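Morning, everyone. I'd like to walk you through one model today. Please bring it up on your screens.

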Amino acid sequence: MSKTKQNPGKDNGDAAAAAELDGVPESMKDGGEGEASQPENADNRIEALETELAEAQQAVLYAQAETQNVRRRLEKDAQDARAYAATGFARDMLSVMDNMQRALESIPAEVKDEEKWKGLINGIEATGRELQSVFEKNGIKRVASVGLPLDPNQHQAMIEIPTDEHEPGTIVQEMQAGYVIKDRLLRPAFVGVAKKAE
């Protein structure tokens, strides 16, 4: 009889314990297995956070590099704009220089010696020198041509001249001067190029 009294008490105790554990997750009911799984979840979470941090750092570095590249491009564009702002105006002024030189070249030698024309001729020459000085101050220079090999980046061949005096491809005549502004070509020199005489 004592055995039958103990069994119902034990059943009641188990039921009471089960009632107390009602709502507790299964992983925590089995003798602390939940405690063992918590550090594993924490390690996974730390790894995930470290990965996210590394990705965020990479994104920041990429954004900084891109910003620096944009800043460099803008600085170069601003420098180019300052250096080459006068390009259009300089091209227009080249025709003025050409006409000035043509005017001087067209004056006959006997007229140059006449006293009454000396003032006018000296004035045209002084204007040409002043124009050349302004060109140089603004980085505009004449392209060298006669006696040099043809350079398609600076010269434009207009005619071929048969000759034995020069190597084929050498510039022997300049029809129109070429100019550069800083390191950019404003206008190629129009030239005559030597070719082998037949």
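I'll take two sheets in turn, then a spot on the surface. Keep in mind that this is a predicted model.

A quick reminder before the sheets. Strands of a sheet pair through backbone hydrogen bonds, either parallel or antiparallel.

Start with the sheet that holds strand 1. Three strands make up this open sheet, and their order is 1-4-5. The pairing here is antiparallel. Which strands sit at the edges? They are strand 1, residues 140-142, and strand 5, residues 184-187. Each of them pairs on one side only. On average, neighbouring strands in this sheet are turned by 35° against each other, direction ignored.

Now zoom in on one pairing. Strand 1 meets strand 4, residues 179-181, over three bridges, in the antiparallel sense. Find lysine 141. Its bridge partner in strand 4 is valine 180.

On to the other sheet. This one is open too, with three strands in the order 2-6-3. Its pairing is mixed. Strand 2 (155-163) and strand 3 (171-176) stand at the edges with a single partner strand each, so one side of each has no neighbour in the sheet. Neighbouring strands here are turned by 30° on average, again ignoring direction.

How many bridges join strand 3 to strand 6? Four, and the two strands run antiparallel. Strand 6 covers residues 189-196. Look for glutamine 173: glycine 192 in strand 6 is its bridge partner.

Last stop, the surface. Glu40, Asp43, Glu47 and Glu50 gather there in a patch of negative charge. One of them, glutamate 47, lies in helix 3, which spans residues 33-83.

That's my tour. Thanks for listening.

Technical notes:
Residues numbered from 1 in each chain as written. Predicted model: local features only at pLDDT ≥ 70, side-chain atom pairs only at ≥ 80, totals over all residues. Heavy atoms only, no water. Patch = residues over 30% accessible without salt bridge, like charges linked within 9 Å, V, L, I, M, F, W, Y side chains within 5 Å. Areas by Shrake-Rupley, 256 points an atom, 1.4 Å probe, with all protein chains shown as cover. Salt bridge = Lys/Arg side-chain N within 4 Å of Asp/Glu carboxyl O. Lys, Arg positive; Asp, Glu negative; His and termini not counted. Charge placed at Lys NZ, Arg CZ, Asp CG, Glu CD. Pairing = 2+ DSSP bridges. Axes fitted to C-alpha atoms, helices over the stretch in contact; angles between N-to-C directions.
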